[in-house]
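Here is a quick tour for anyone opening this structure for the first time. Take a look at the model, then read on.

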Amino acid sequence: MRRVVITGVGAISALGLNHAEFWRRLCLGESGIGPIQQADVSTIRFKNGAEVRGYDPEQYFQPKHLSFMNRFAQFAVVAAREAVKMAAVKWTPELQDSTAIVTGSCIGGRGSDEAGYRELFTYNRNRVHPLTIPLSMENAGASHISIEFGIQGPTFTISTACSSASHAIGQAFWMVRSGAASMAITGGSEAPMFYGGLKAWEAMRVVSSDTCRPFSADRSGMILGEGGAMLVLEPLETALARGVQPIAEIVGFGMSSDAFHIIQPKQTGPEKAMRSALRDARLDPKDIGYINAHGTATSANDQVEARAIHAVFGERAGTLPVSSTKSMHGHTLGASGAIEAVATVLALRDGVLPPTANYSKPDPACALYVIPNVARKQVVEFALSNSFAFGGLNAVLAFRAYRS
Amino acid sequence: MPETIEQRVIKVIAKSQRIPLEKVSIDSSFEDLGIDSMDSINILFDLEGEFDIQINDEQTKQIPRVREIVEGVTLLVDAKEKASHES
């Protein structure tokens, strides 16, 4: 089996239009959460979200191409371009032929569906925009990346709610590790800020009316976020032969299903996914120095995740650094696994662990060391990134710092 | 003087494709204008809105030039006006 490294990352999020800005603000503990501007929220109980600000689509895409791209697909391509540029990929016909693209998205372009339904049901028109189907399909992000770079290898999209991108990265990792693909572009993107979608989240009563405070006793729910992140994965030996400095190594992937409830989480599922990622990486729990938690700031997730971490890490669970960066970039749903994977690999690269922002009060039910509010300078060799989804589907990635 | 159907069709095509108005003429072919099959579906959508007509799938199979579109739209607009006089 081949060792697999990450040679490029790209991110567009509420914290900025590229990964450098994302990382700079994460390390400062700055939150990108603010009043939602893309939809009229006057009749919605929550008003805040983590929206991408200052993004002008025409700066990135030709007007003609934009009519074919929902915002979520644009984010996929913007992040992929950045990752490919950072990895200094030189496309050859052989590489285009054998590169894989695996993306995750929960909602895809459903905002375009909504625009069509509004025509039908609100304005009583009898037709919708002719591109509604290709705009809304969840694989649009993967397809647009493929078209952008001429990549003809295995290309597909995984939709497992909030674990989508972690499942995608895990599949891409296994494909590169086994030799099924010579390189992979993988991650996720999401654009959930449209009225009907926000109403559906409101109805679930899991969104905070102010901000996201993971693991804090006064937490009041999640904050929805949008954006996208992509990683370039390739074998270590290929990266070294190309003279490209790896950012970090990806060493393990584990997944599981709670087999319990369509919404309520259960400790055994996340626990099994973490153990499975450790086993895949041939690691012991004591090797792990940082966990980027799922940490949605809902009452149920944070308690269950804390219990699962205690079950896996035993006595170390109270002191092992764990943070939820959702406190800053929001819960980007099907993109969250990718955005948080980028945070995790940059933490390993720089020896800086991003904090859990907005943390005010310890909760005995979440007895973890959450790196409250201020980043921690600490060189760590191995880290996990957790993603747990509605439907009880769990995906955990394991990363290792790369030291040349 | 009100705009002719031809002028309105050309405007719709130019706007939909985001190309300069002067590039589109009655004799332009879709190929000349770089319009592919998906683009033409967008144009048909915009024409339906502009003229308040319905263009059937069968009527859209062969539209190589702007001239055919103007002719087709003219037929549909005439039929619509006739129907509204009769009712």
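## Where the two chains meet

Let's start with the interface: chain A and chain B bury about 980 Å² between them, and carbon and sulfur atoms give 54% of that area. Keep in mind as you read that this is a predicted model. On the chain A side, A:Lys64, A:Arg127 and A:Pro130 do a lot of the work, supplying 55% of the area that chain A buries against chain B, more than any other three residues. As for head count, the contact takes 11 residues from chain A and 11 residues from chain B.

What sort of residues does chain A bring to this contact? By class, the side that touches chain B has five nonpolar, three polar and three charged residues.

## Charges and polar pairs across the interface

Side chains of opposite charge can pair when their charged atoms come close. Between chain A and chain B, three salt bridges turn up. A:Arg127, already met as one of the three big suppliers of buried area in chain A, forms a salt bridge with B:Glu48, with the closest N and O atoms 2.7 Å apart. The interface of chain A and chain B also has four residue pairs in polar contact.

## A salt bridge inside a helix

Zoom out to the whole structure and the search finds 28 salt bridges over all chains. For an example within chain A, look at A:Arg24 and A:Glu21, whose side chains meet at 2.9 Å, N to O. Both residues sit in helix 1 (residues 19-28) of chain A, three residues apart, which is about one turn of the helix.

## The sheet in chain A

Now for the strands. Chain A has an open sheet of 10 strands with mixed pairing, in the order 5-4-6-7-1-8-14-13-9-10. Which strands are at the edges? They are strand 5 (155-158) and strand 10 (322-323) of chain A, each pairing on one side only.

Strands of a sheet pair through backbone hydrogen bonds, either parallel or antiparallel. In chain A, strand 9 (residues 288-292) and strand 13 (residues 382-389) run parallel, joined by four bridges. To find one of them, start at A:Ile288, whose bridge partner in strand 13 is A:Phe382.

## Helices packed on the sheet

Helix 3 (residues 71-86) of chain A packs on the sheet, touching strand 1 (4-12), strand 6 (183-190) and strand 7 (227-235). The direction of helix 3 makes about 135 degrees with that of strand 1.

Helix 11 (residues 268-280) of chain A packs on the sheet too, in contact with strand 8 (248-257), strand 9, strand 13 and strand 14 (393-401). Its direction makes about 145 degrees with that of strand 8.

Notes:
Residues numbered from 1 in each chain as written. Chains lettered and ligands numbered in written order. Predicted model: local features only at pLDDT ≥ 70, side-chain atom pairs only at ≥ 80, totals over all residues. Heavy atoms only, no water. Pairing = 2+ DSSP bridges. Helix = DSSP H or I, 4+ residues; strand = E, 2+ residues; numbered from the N terminus. Contact = heavy atoms within 4.5 Å. Axes fitted to C-alpha atoms, helices over the stretch in contact; angles between N-to-C directions. Buried area = accessible area lost by both parts, 1.4 Å probe. Salt bridge = Lys/Arg side-chain N within 4 Å of Asp/Glu carboxyl O. Polar contact = N/O pair within 3.5 Å; in protein donor to acceptor, adjacent residues only side chain to side chain. Nonpolar A, V, L, I, M, F, W, Y, C, P; charged D, E, K, R; others polar.
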